[in-house]
Amino acid sequence: MALDGITGTVDTAAQAAALAANPTTTSSTMDSQMFLKLLVTQLQNQDPSSPMDTNAMISQQTQMAMMEQMTNQTSTANENFSLQMRIAAANLVGKQVSYTDATTGTDVTGTATAVSYAGSVPQVTVNGKEVALDSVSGVTTTTSSGS
């Protein structure tokens, strides 16, 4: 039984038409499910007289596992960064903060009275105005004269 070879050419017009017709079914990233589907398809369609090299298969599986671990580490790092921003914003409450007003360009200083976590960047309330945490340019601890 003769097998046709696989060419390296792609019909870009057909590919673009397929993307336009059904954009939700395509994926720009290769995940483990796609890798396993490709591997199973490759094993099912391999030439019995020239089977797939097991070393190459193990190498591919190892590379996929390493890629998944890097993806998990990136996700964990992003979550940690988000948590650190929330902690930093919470620590500003009661402190004197400075920021540059985006509309007027003037430096504003006031006491941080509240924090909102509704958006992707925590918002600190200073003098009744919500200011993005990454806009805060200075922090001073307020001192109160006691007994």
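Relative accessible area is used here to class residues as buried (under 20%), exposed (over 50%) or partly exposed in between, with a 1.4 Å probe and protein chains only. The structure is a predicted model, in which local features need a pLDDT of at least 70, side-chain atom pairs count only at pLDDT 80 or more, and totals for chains, interfaces and linings use all residues. Residues are numbered from 1 along each chain as its sequence is written, and side-chain values use heavy atoms, with hydrogens and water left out.

The protein chain has an average pLDDT, the predictor's confidence in each residue from 0 to 100, of 80, and 76% of the residues score at least 70. Across residues 3-10 the pLDDT falls below 50, and beyond near neighbours in sequence this stretch has two contacts (heavy atoms within 4.5 Å) in the model.

Strands are DSSP runs of E of at least two residues, numbered from the N terminus, and two of them are taken to pair if DSSP finds at least two bridges between them. Five strands form an open sheet in the order 4-3-2-1-5, with antiparallel pairing. Strand 4 and strand 5 (136-140) lie at the edges with a single partner strand each, so one side of each has no neighbour in the sheet. On average, neighbouring strands of the sheet are turned by 45 degrees against each other, direction ignored, with axes given by lines fitted to C-alpha atoms.

At one edge, strand 5 pairs with strand 1 in the antiparallel sense over four bridges; Tyr99 stands opposite Val136 of strand 5. At the other edge, strand 3 and strand 4 are likewise antiparallel and share four bridges, with Gln123 having Ala132 in strand 4 as its bridge partner. These two strands form a hairpin with two residues between them. Asn127, located in the loop between strand 3 (123-126) and strand 4, has a positive phi of about 55 degrees although it is not a glycine. Asn127 is exposed, at a relative accessible area of 53%.

A search of the whole structure identifies one salt bridge, defined as a side-chain nitrogen of Lys or Arg within 4 Å of a carboxyl oxygen of Asp or Glu. Asp101 and Lys129 form this pair, their closest N and O atoms being 3.2 Å apart. Distant parts of the chain are thereby linked: Asp101 lies in the loop between strand 1 (96-100) and strand 2 (107-116), and Lys129 in strand 4 (residues 129-132), 28 residues apart. Asp101 counts as buried because its relative accessibility is 11%, whereas Lys129 is partly exposed at 34%.

Definitions and conventions
Axes are lines fitted to C-alpha atoms, for helices over the stretch in contact, and angles run from 0 to 180 degrees between N-to-C directions.
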